[in-house]
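Biologist: I am new to this structure and would love a close look at one part of it. Could you walk me through it slowly, explaining the terms as you go?

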Amino acid sequence: MGQVKPDRSESQLVLRDVKKHYPIAGGLFRPPQGIVKAVDGVDISIQRGETLGLVGESGCGKSTLGRVILRLEEPTSGQIVFNGEDLLRVPSTKLHRLRKKMQIIFQDPYSSLNPRQTIGRTIAEGLVIHKIGTPAERREKVQNLMEIVGLRADQLNRYPHEFSGGQRQRIGIARALALQPELIICDEPLSALDVSIQAQVINLLEDLQEQYDLTYLFISHDLSVVRHISDRVAVMYLGQLVELAPKDELYSHPYHPYTCTLLQAVPVLDPHASKKKKLIKNGADSAPAPAGCKFSPHCPLKQPVCMEQAPTFKEITPRHWVRCSLSA
């Protein structure tokens, strides 16, 4: 692993019309009162060796999509193809083998580790489940992984409470690397860390990707971080992708009004520039979605067609996709 460069023309992960809906409980002996469309028809592909950034505000469905890809949550419908295999239709034995190639780094390094388990056992857990190696071989591998992520090998018998937040996230990264995965879902891995530690973790993720030819789906609400680490960026709003483009193209020529809103909200060093910004009120609130564009209640450019007709996700320039009725 790490010797052959990935073929970036090959799609490693393909999502087709993926949906995840949750029923709204109606109470005792009452039927569901409706559904929450956390993920509502996502189509996307990720090339082998690529980092795809997925951005959007809290509640838009980013983390749910990441969990659905790994089948930590079962999708309502759709198709998830990984390395040519449809994860929703493969037998359980084959899915068990495929899981070795897909891992996740969780958002909270505090709650994602078992406080009663040493970090050595935590990192080796996947090796035990998949029956890889002898106990001595597992211990040696765990020690190597700890050194790779910047921890000391002699710390493997310590418990999570003995480490800082940044060190715990490194433990989570080592756990994700243990089974030599090809795809890693990074579910807001920096949001619980201090800014000074975030840079260290970003550099570590980039070094690991170069060394092990990893593919990342990097989920975040921080557009500055996403621009630094990603090759392409997808913008999500209320369960749907509203824009997808190479990072430089999206940041320099955003088309969707919601993307423009997110970019306006990025802090800048020039105080005069920040005063000129006119932020649009938006949010994944509890109000019913309109029949047309989901962003239309908050969009300053909306037209009658936006309230009546749901826009399609179309390619307006090469590799630049937008879900907006007003786009050319």
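Which residue forms a salt bridge with lysine 294, and how far apart are the closest N and O atoms?

Modeller: Happy to help! A word on the source: this is a predicted model, in which local features need pLDDT of at least 70 and side-chain atom pairs count only at pLDDT 80 or more, while totals for chains, interfaces and linings use all residues. Residues are numbered from 1 along each chain as its sequence is written, and side-chain values use heavy atoms, with hydrogens and water left out.

Now to your pair. The partner of lysine 294 is aspartate 40, and their closest N and O atoms are 2.9 Å apart. A salt bridge here is a side-chain nitrogen of Lys or Arg within 4 Å of a carboxyl oxygen of Asp or Glu. Lysine 294 lies in the loop between helix 10 (271-276) and helix 11, and aspartate 40 in strand 2 (residues 34-47), so the pair ties together parts that are 254 residues apart in sequence. Helices (H or I, at least four residues) and strands (E, at least two) are DSSP runs, numbered from the N terminus.

Are these two partners buried or exposed? Lysine 294 is buried, at 14% relative accessible area, and aspartate 40 is buried too, at 12%. The cut-offs are these: buried means under 20% relative accessible area, exposed over 50%, and partly exposed in between (1.4 Å probe, protein chains only).

By the salt-bridge rule, the count comes to nine. Another of them joins arginine 71 to glutamate 74, with the closest N and O atoms 3.1 Å apart. Arginine 71 is buried, at 19%, whereas glutamate 74 is partly exposed, at 40%. Arginine 89 also forms a salt bridge, with aspartate 86, and there the closest N and O atoms are 2.7 Å apart. In that pair arginine 89 is exposed, at 61%, while aspartate 86 is buried, at 11%.

Let me finish with helix 11, which you met beside the loop of lysine 294. Helix 11 covers residues 304-308 and includes valine 305. Valine 305 is partly exposed, with a relative accessible area of 31%. Together with Leu301 and Leu326, Val305 forms a nonpolar patch on the surface, with about 230 Å² of accessible area in total. Patches are made of residues with over 30% relative accessible area and no salt bridge, with like charges joined within 9 Å and nonpolar side chains (Val, Leu, Ile, Met, Phe, Trp, Tyr) within 5 Å. The areas come from the Shrake-Rupley method with a 1.4 Å probe, and for residues only the protein chains shown count as cover.
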